[in-house]
Amino acid sequence: MGRPEFETIVASAARESLNSVDLSVDGATTPIAAGATENIDLFSSSGTIGHIQSAYLNALAPIGATTGTHLLNITSGSQRGGFTQGTSNFGSDILFNQKSWILADNAKLPSSDSAQVAAFNDNVFDSAISLRFVYTNNTDAVQTGFRIYRMTYVEKVIGS
Amino acid sequence: MAKHIKKVNGKFVDVNNGNTVFHGHCTKDLDIGDMYDDDESGKTMQIKEIIPIGTSGKLVRSVSV
């Protein structure tokens, strides 16, 4: 199962708070089958808007895979289509750091670093509409490696 | 009985009884073991973990079944 660690720093009379999430999902106990998907939905506290500041996302290459790709996608839980997506071939890891894709050897959407940063910076969410991180294993092997989802975001009280 | 939420005509309904559950995002009010149909991937997802964050935020992990 996941081993989450969280930290919340409240500032400015509790009108804004800085939150960090560190979720490491151990594929040995929570594997992702070939063709399967894992969604991670992040909701802010009630009465707040969340604004993502940075993220570290990592998925190891599925051990034993001989074909296909796997991918990570950052999107909204309320709409179709990702904000930004990184796809790697079966033998390569996927890595997103800060605001752009570091390793995605099949395709990066958008393709340029500056466009990835812009797409990432547009992401907001609240207590009803999530920011969603999607991992999809389109290889021919079970994903038994770690998936790491780390993010830092600011919660702003609505109306403040 | 675990909920199984599906989007029908723009509303989220529980396929077990046809009741409209809520408007908004389909994982918002689900518990561990509940399911929802992800209209982006077309897959049925099951909630595996719900982790509280901060004041009342949360992280919800679901996997296709």
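Reader: Hello! Are B:Arg61 and A:Glu38 buried or exposed?
Author: Both B:Arg61 and A:Glu38 are buried. This is a predicted model, in which local features need pLDDT of at least 70, side-chain atom pairs count only at pLDDT 80 or more, and totals for chains, interfaces and linings use all residues. Residues are numbered from 1 along each chain as its sequence is written, chains are lettered from A and ligands numbered from 1 in the order in which they are written, and side-chain values use heavy atoms, leaving out hydrogens and water.

Reader: How do you know that B:Arg61 is buried?
Author: Buried means under 20% relative accessible area, exposed over 50%, and partly exposed in between (1.4 Å probe, protein chains only). B:Arg61 has a relative accessible area of 3%, so the word buried fits.

Reader: And what makes B:Val8 partly exposed?
Author: Its relative accessible area is 36%, so B:Val8 falls in the class between buried and exposed. B:Val8 belongs to strand S1 (residues 4–8) of chain B; strands here are DSSP runs of E, at least two residues long, numbered from the N terminus.

Reader: Why is the pair B:Arg61 and A:Glu38 called a salt bridge?
Author: The term asks for a side-chain nitrogen of Lys or Arg within 4 Å of a carboxyl oxygen of Asp or Glu. For B:Arg61 and A:Glu38 the closest N and O atoms are 2.9 Å apart, so the pair meets the rule. In general, side chains of opposite charge can pair when their charged atoms come close.

Reader: How many salt bridges are there over all chains, and what does this pair join?
Author: The structure holds six over all chains. B:Arg61 lies in strand S6 of chain B and A:Glu38 in strand S3 of chain A, so the pair joins two chains.

Reader: What makes A:Arg132 and B:Asp38 a salt bridge?
Author: Their N to O distance is 3.6 Å, so the 4 Å limit is met. A:Arg132 sits in strand S11 (residues 131–139) of chain A and B:Asp38 in the loop between S4 (35–37) and S5 of chain B, so this pair also joins two chains.

Reader: How do you know that B:Glu49 and B:Arg61 form a salt bridge?
Author: The closest N and O atoms of B:Glu49 and B:Arg61 are 2.7 Å apart, so the rule is met. B:Glu49 is in strand S5 and B:Arg61 in strand S6 of chain B, so the pair ties together parts that are twelve residues apart in sequence. B:Glu49 counts as buried at 8% relative accessibility. Through shared partners, salt bridges join A:Glu38, A:Arg147, B:Glu49 and B:Arg61 into one network.

Reader: What makes S3 of chain A and S6(B) a pair of strands?
Author: Two strands pair if DSSP finds at least two bridges between them. Six bridges join strand S3 (residues 37–43) of chain A to S6(B), so these strands pair. They run antiparallel, and A:Asp41 stands opposite B:Val60 in S6(B).

Reader: How many residues does each chain give to the contact?
Author: Chain B gives 25 residues and chain A gives 38, with contact meaning heavy atoms within 4.5 Å. Across the interface the rule finds two salt bridges. Strands S5 (44–53) and S6 (57–64) of chain B each supply at least two residues of the side that touches chain A. S6(B) gives the most to that side, with eight residues.

How values were computed. Helices (H or I, at least four residues) and strands (E, at least two) are DSSP runs, numbered from the N terminus.
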